[in-house]
Amino acid sequence: DGRLMAKQSECYPVNDLIPFADLLFFSRQLIIDRGYDKDNPKQFISDIIKQYGSNRSHPLTIIVGWGEIGAYGIKYDCSLNLYDDNHHLNDIINNIEFVKSYPPKNGVIDTIGAGD
């Protein structure tokens with residue numbers, strides 16, 4: 001639920017920058033470290049949209065890399081009113097997409113620039 005998000009903005013000043021971004025990338029480790037489900041980031045994505053997705057002039061795109069299995073993401077357009085009195089958080093969760101990763105046929109040869 002969104003109770004963690006209220007606590008997080010106090011603990012994570014970087015959250016203050018979220019309203020200025022149109023594209024956000026989050027890592028699996030960050031989400032787990034913030035107390036969310038280690039097997040599914042959908043609640044975290046929903047909480048971000050609930051807190052930062054309204055009253056925006058541009059859509060908000062959120063990508064969450066989920067290790068070797070793939071990534072989750074959503075492009076949320078507040079003009080569509082996907083999260084208002086007539087819609088529920090489940091509507092957002094159902095719109096979060098998952099894309100499976102496909103490892104290279106010959107394996108990874110060089111990881112320079114991959115965050116290591």
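The legends below describe several close-up views of a predicted protein model.

Residues are numbered from 1 along each chain as its sequence is written. In this predicted model, local features need pLDDT of at least 70 and side-chain atom pairs count only at pLDDT 80 or more, whereas totals for chains, interfaces and linings use all residues; side-chain values use heavy atoms, with hydrogens and water left out.

**View 1. The overall fold combines four helices and four strands.** Helices (H or I, at least four residues) and strands (E, at least two) are DSSP runs, numbered from the N terminus. Along the sequence, these elements follow the pattern α-β-α-α-β-β-α-β. The protein has 116 residues, of which 30% count as buried; buried means under 20% relative accessible area, exposed over 50%, and partly exposed in between (1.4 Å probe, protein chains only). About 7,800 Å² is exposed, and carbon and sulfur atoms supply 53% of this area. Accessible areas come from the Shrake-Rupley method with a 1.4 Å probe, and for residues only the protein chains shown count as cover. Among contacts (heavy atoms within 4.5 Å) with a separation of 6 or more, 59% are between residues 24 or more positions apart.

**View 2. Four strands form an open sheet with the order 1-2-3-4 and mixed pairing.** Two strands pair if DSSP finds at least two bridges between them. Strand 1 and strand 4 (97–100) stand at the edges with a single partner strand each, so one side of each has no neighbour in the sheet. From one strand to the next, the twist averages 20°. Axes are lines fitted to C-alpha atoms, for helices over the stretch in contact, and angles run from 0 to 180 degrees between N-to-C directions.

**View 3. Strand 1 and strand 2 run parallel and are joined by five bridges.** Leucine 23 has threonine 61 of strand 2 as its bridge partner, and leucine 24 stands opposite isoleucine 62. The side chains of strand 1 alternate: Leu24 and Phe26 are buried and point to one face, while Leu23, Phe25 and Ser27 point to the other and are not buried. Threonine 61, in strand 2, counts as buried at 18% relative accessibility. Beyond residues up to four places away in sequence, threonine 61 touches Asp22, Leu23, Leu24, Ile74 and Lys75.

**View 4. Strand 2 and strand 3 run antiparallel, with six bridges between them.** Isoleucine 62 stands opposite isoleucine 74 in strand 3. The hairpin of these two strands has four residues between the strands, and in this hairpin glycine 67 takes a positive phi near 65°.

**View 5. The largest nonpolar core contains 21 residues.** A nonpolar core is a set of buried Ala, Val, Leu, Ile, Met, Phe, Trp, Tyr and Cys residues joined through side-chain atoms within 4.5 Å. Leu24, Phe26, Ile45, Ile48, Ile62 and Val64 have the most contacts inside this core. At least two core residues come from each of strand 1 (23–27), helix 3 (42–52), strand 2 (60–65) and strand 3 (70–76). Helix 3 provides the largest share, five residues. This helix lies across strand 1, strand 2 and strand 3, and runs at about 155° to strand 2. Phenylalanine 26 touches Ile18, Ile31, Phe44, Ile48, Ile62, Ile63, Val64 and Gly65, when residues up to four places away in sequence are not counted. In soluble globular proteins, nonpolar side chains tend to be buried together.

**View 6. The structure holds one salt bridge.** A salt bridge is a side-chain nitrogen of Lys or Arg within 4 Å of a carboxyl oxygen of Asp or Glu. The partners are lysine 38 and aspartate 39, whose closest N and O atoms are 3.8 Å apart. Lysine 38 is exposed, with a relative accessible area of 52%, while aspartate 39 is partly exposed at 48% relative accessibility. Side chains of opposite charge can pair when their charged atoms come close.

**View 7. Isoleucine 32 lies in helix 2 (residues 28–33), and asparagine 94 lies in helix 4 (residues 89–95).** Isoleucine 32 is partly exposed at 28% relative accessibility. From C-alpha to C-alpha, isoleucine 32 and phenylalanine 44 are 9.5 Å apart in space, and they are 12 residues apart in sequence. Asparagine 94 is exposed at 59% relative accessibility. Asparagine 94 and serine 46 are 48 residues apart in sequence, with a C-alpha to C-alpha distance of 10.0 Å.
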